[in-house]
Amino acid sequence: MAAPGLGYRDASLPCRDGQGWENLCRALADKRSRQEEELDWNLPADAPLPYRYRWEHVKDVVENARLLARRLGADEDACVAAAWLHDIRKLEDQHGRRGAAEAVQVLKATDFPQHKIGTVDIAIRLHEGFSSGRRDRPLEPLEAAILWDADKLTKLGVPQLAHILGTARAMHLSQVERLELAESYTLEFVARTAESMNTEPALRIARIRYREMVAFVQTWRRQTENPFGEPEGSDPQVPASSRTPA
Ligand SMILES: [Fe+2]
Ligand SMILES: [Fe+2]
C-alpha cells in the first residue's frame with residue numbers, strides 16, 4: 001500500500017502511469033475481492049475459486065450505480081468510481097471509512113477528475129450497513145444516495161438467494177438448511193433493506209424484488225413440506241404423455 005502523500009502505486013496492477021482510472025479501480029476491486037474470497041474458501045493456493053461472490057457483487061453494484069446515475073442525472077464518474085472501490089477494505093472493521101480513505105489515495109494517482117474525489121470519499125464512507133441508509137431523509141449528496149441504493153439493491157431479489165447459497169458458508173449445508181438460510185436472510189436480515197432506499201427508482205424496484213424473494217422462499221417452503229401440494233387456484237396443464245394410464 002502506498003505511503004500517505006506519495007500517491008497510489010501498486011506494481012501488481014495495470015495503469016501504474018495513472019491513466020485509465022476506471023481500469024485501475026476495476027483491477028483493484030478484482031484483486032481485493034479475490035483476497036477476501038481466497039481467505040473464505042480456504043483452498044490450496046492453486047485451486048480455482050468455486051464462486052467469486054465478492055467480485056460478482058461489486059460488478060452488480062457498478063452496473064446499478066451507472067444506471068441510477070444516468071437515470072437521475074448524478075455524476076456518473078463519481079458513482080462508478082465509488083461503486084468499484086466501495087468494498088476494497090471489506091475485510092476490516094469500519095470498511096466504509098477505511099475504504100474511502102484508500103479510495104482517495106488511489107484516485108489522486110490517476111486521471112480521475114480530481115475535483116470529484118471528495119464526492120467519492122463521502123459516498124464510500126456512508127455506504128456501510130443494511131437498512132439504516134435513509135433514516136429521515138435521503139443521503140446527500142445524490143452520489144452517496146446512489147451508492148447506497150446500488151449496493152443494497154444487490155441484496156434483494158431471487159438472484160441474491162442463488163448468490164448466498166453459492167458462498168463458502170453454504171457449501172456444506174443440507175437442502176433443509178439451505179431453505180432455512182434463505183428464509184432467515186429474506187425474512188429477517190434484509191426485511192427492512194428495501195425501505196432504506198434513497199431514490200425513487202431504487203425504492204420502486206427494491207419493493208418488487210423483496211416481494212418476489214418472499215414469494216420464492218414461501219414457494220420453496222410449501223414444496224418442501226408438501227411435495228404434492230398445489231398453490232391455490234393452480235391448474236397445471238399436464239402433457240397427455242405424462243399421465244398415468246387408467
Ligand atoms: Fe460495503
Ligand atoms: Fe457492497
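I looked up Gln 160 first and asked why this residue counts as buried. Gln 160 has 20 C-beta neighbours inside 10 Å and therefore counts as buried (20 or more other C-beta atoms within 10 Å of its own, against 12 or fewer for exposed and partly exposed in between, with C-beta atoms placed from the backbone). This is a predicted model, in which local features need pLDDT of at least 70 and side-chain atom pairs count only at pLDDT 80 or more, while totals for chains, interfaces and linings use all residues. Residues are numbered from 1 along each chain as its sequence is written, and chains are lettered from A and ligands numbered from 1 in the order in which they are written.

I placed Gln 160 in helix α7, residues 158–164 (helices are DSSP runs of H or I with at least four residues, strands are E runs of at least two, both numbered from the N terminus). Leaving out residues up to four places away in sequence, I found Gln 160 touching Thr 154 and Lys 155 (contact means C-beta atoms, placed from the backbone, within 7 Å). I also noted that the C-alpha atoms of Gln 160 and His 57 are separated by 9.3 Å, although these residues are 103 apart along the chain.

For the whole chain I counted 9 helices and 0 strands, and of its 246 residues 33% count as buried.

Next I took the core, and recorded that Ala 65, Ala 81 and Leu 85 touch the most other members among the 50 residues of the largest nonpolar core (a set of buried Ala, Val, Leu, Ile, Met, Phe, Trp, Tyr and Cys residues joined through C-beta atoms within 7 Å). Helices that each supply at least two residues of this core include α1, α5 (117–125) and α9 (200–225). Among the residues that Ala 65 touches, not counting those up to four places away in sequence, I listed Ile 146, Leu 147 and Ala 150.

I then checked how α2 packs on α6, and read an angle of about 135° with the axes 8 Å apart (axes are lines fitted to C-alpha atoms, for helices over the stretch in contact, and angles run from 0 to 180 degrees between N-to-C directions). That angle makes α2 oblique to α6 (under 35 degrees is roughly parallel, over 145 roughly antiparallel, 65 to 115 roughly perpendicular, and the rest oblique). I noted that the contact includes Ala 65 and Leu 68 of α2 and Ile 146 and Ala 150 of α6.

Technical notes:
Two residues are in contact if their C-beta atoms, placed from the backbone, lie within 7 Å.
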